[in-house]
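User: I keep running into labels like "buried" and "pocket" and never know where they come from. Could you walk me through them on a real example?

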Amino acid sequence: MSDALEEWAAATADGSALGPAAEAYERMQRLWAVELAARAELEER
Amino acid sequence: MTQVTALRWFRRLRGVVGEVRSAPAGDPARIVAMAQAYRRADELGGAVFRRAAAGLEEYAAVLAAAQAEHAGLRAAFRAVPPLLRVGAVGRLVRGCVQAHTAASGAADLFARRCGDLAGRARIAVGVEAGLPVAEAAELASAAARGYDSGVLGLRHLRLAGERLAGSAEARALLDRAASDLERAWLVKAMAAGDAGLAEFAEAIRGRPADWLAERLTLVDRHAPGTQSRLGAAVRQHEPTTCGTTCLIVARAEWDPRYALALTSAEFATAFRAARAAVHAETNRWYPRFAGTSPHGMARWLTRHLGVRHRWRAVDDTDARDVSRALRDVLAAVDAGDPVPVLVGAVVPRHYVLVVGHHDGSVLVFEPSAGRTVVVPDRAFLDGDLRGALGFPHLQAVVLPDDQAGQPLSAGMSADGSK
């Protein structure tokens with residue numbers, strides 16, 4: 001995982017500030033962390 | 001009945017008291033800081049991150065205003081002399097409930113956006129299900145355009161990972177496929193079940209893309225338009241089969257073998273026979289002249305789509321209930337599951353099938369006209385669906401029980417009972 005991706009993931013993973021939208025947000029954030037890591041891996045090949 | 005009504009009022013009263021005592025939940029300052037983190041990482045996530053940041057900022061603004069309004073109302077109430085407070089209670093309660101309604105609506109709107117964005121992280125779903133990255137990327141992008149996120153829904157992608165991991169036979173079938181698109185259709189069929197897989201693979205081998213699209217689904221989901229297959233309209237041809245038609249289309253979206261069984265015969269005849277069979281199957285006790293009960297819809301989908309479905313009435317006089325229902329419908333649609341919804345005016349009247357979602361627009365299959373139409377999500381919230389769907393209000397929804405898409409547990413029977 002690149003530094004930029006790690007920094008973004010750390011700053012955005014905790015959705016507790018979002019009240020009732022936290023669950024939907026955290027699912028989206030987690031999937032995009034996996035998605036971006038997968039795309040980066042594909043680009044490296 | 002009286003006890004049920006009393007209990008409902010008690011719960012409502014308790015909810016109102018809670019909304020007067022507590023401000024809407026959330027921390028607008030931290031939400032803004034999260035939005036800035038998305039903007040700083042623009043080169044990573046591009047348009048998706050910009051939409052996430054904009055959604056966070058809009059949510060934070062509404063939440064901050066609602067919390068300020070709530071605090072102002074409570075401060076104003078405390079400033080009223082105790083003997084005069086009785087007259088001020090009404091204003092306090094109304095204002096606090098409105099502040100919570102605004103914050104709740106903003107949370108639902110943001111959750112719908114998150115669902116839309118999560119639905120685009122399609123490689124991630126395949127990777128989490130155990131597929132190699134390259135294969136997940138190939139399957140995730142097959143035939144995606146417009147409202148159509150591709151051949152495979154997220155539930156298909158999840159199940160495909162499990163089924164491919166343990167089956168050399170399934171791998172061998174995929175290896176014989178003539179194109180990436182053909183592989184995607186095969187994987188979709190595998191996710192829906194094992195029966196007749198080799199025959200299905202044989203039937204679609206070497207077929208061109210337009211043949212596959214015409215025969216392996218019953219509606220085109222990429223854009224609005226009139227729906228037909230092999231020259232025959234895909235619509236309800238009887239006054240009471242709107243629900244039946246939605247069920248048939250939903251099953252065809254889940255399992256391409258079902259679609260192929262209809263389209264490989266003379267389609268108009270096969271479709272007519274399917275409507276008769278499904279209508280009979282869903283209405284053993286319910287009077288057929290009244291259409292299909294929501295319970296019958298949910299039971300049929302549970303039996304044929306491999307995931308438990310439930311129906312839920314929507315109180316169309318309660319803005320928050322409509323907002324919650326729309327949020328849940330779109331979360332399911334973003335995961336690739338079409339969702340039947342019941343619309344009406346004074347009473348429920350007509351089923352339509354929600355099949356796509358992109359930004360603030362919803363793609364709906366309207367069976368009486370046999371076409372897909374684009375409806376702004378605002379029209380659901382405002383009870384303004386008459387122009388697009390014939391009736392103004394959302395009144396019930398039929399949802400997959402587990403939007404994460406887990407198959408039925410071992411202890412659960414096909415009709416959803418334990």
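Analyst: Let's go through the labels one at a time, starting with some ground rules. This is a predicted model, where local features need pLDDT of at least 70, side-chain atom pairs count only at pLDDT 80 or more, and totals for chains, interfaces and linings use all residues. Residues are numbered from 1 along each chain as its sequence is written, chains are lettered from A and ligands numbered from 1 in the order in which they are written, and side-chain values use heavy atoms, with hydrogens and water left out.

User: Okay, first one: why is A:T12 called buried?

Analyst: Buried means under 20% relative accessible area, exposed means over 50%, and partly exposed is in between (1.4 Å probe, protein chains only). A:T12 has 0% relative accessibility, so it counts as buried. You'll find A:T12 in helix α1 of chain A, residues 3-12.

User: What makes that a helix?

Analyst: Helices are DSSP runs of H or I with at least four residues, strands are runs of E with at least two, and both are numbered from the N terminus. Chain A has two helices and zero strands.

User: And which residues is A:T12 in contact with, leaving aside its neighbours within four places in sequence?

Analyst: Contact means heavy atoms within 4.5 Å. By that rule A:T12 is in contact with A:Y25 and A:Q29, plus B:M34, B:A37 and B:Y38 from chain B.

User: What share of chain A counts as buried?

Analyst: Of its 45 residues, 40% do. Chain A exposes about 2400 Å², with carbon and sulfur atoms supplying 49% of that. Those areas come from the Shrake-Rupley method with a 1.4 Å probe, and for residues only the protein chains shown count as cover.

User: Is B:R11 buried or exposed, and how do you know?

Analyst: B:R11 is exposed, because its relative accessible area is 52% and the cut-off for exposed is over 50%. B:R11 sits in helix α1 of chain B. From B:R11 to B:H350 it is 339 residues along the chain, and their C-alpha atoms are 31 Å apart.

User: Then what about B:R205? Why does it get the in-between label?

Analyst: Its relative accessible area is 30%, so B:R205 is partly exposed. B:R205 belongs to the loop between α10 (197-204) and α11 (209-215) of chain B. Not counting residues up to four places away in sequence, B:R205 touches B:R176 and B:E182.

User: What is unusual to look at in the backbone, say at B:L230?

Analyst: B:L230 has a positive phi of about 50°, although it is not a glycine. B:L230 is in the loop between β2 (228-229) and β3 (232-233) of chain B, and at 37% relative accessible area it is partly exposed. B:D359 also has a positive phi, near 50°, and is not glycine either. B:D359 lies in the loop between β6 (348-358) and β7 (361-366) of chain B, and its 34% makes it partly exposed.

User: Now the holes. How do you know that something is a cavity and not a pocket?

Analyst: On a 1 Å grid over the protein atoms alone, a cavity is a set of points where a 1.4 Å probe fits but cannot get out; a pocket is an open set with protein on both sides within 12 Å along at least five of seven lines; lining residues have an atom within 4 Å of a point. Grid points are joined across faces, edges and corners, and a volume is the space filled by probe spheres set on the points. The structure holds one cavity of 30 Å³ or more, and the largest cavity has a volume of about 50 Å³. Its lining includes B:S149, B:H156 and B:K188.

User: And how big is the largest pocket, and what lines it?

Analyst: Its volume is about 870 Å³. It is lined by 30 residues, and B:R12, B:E19, B:D318, B:R320 and B:R324 lie nearest its centre. The largest share of the lining, nine residues, comes from α1(B).

User: What makes 10 of the residues in that lining "charged"?

Analyst: Asp, Glu, Lys and Arg count as charged; Ala, Val, Leu, Ile, Met, Phe, Trp, Tyr, Cys and Pro as nonpolar; the others, Gly among them, as polar. Sorted that way, the pocket lining has 12 nonpolar, eight polar and 10 charged residues.
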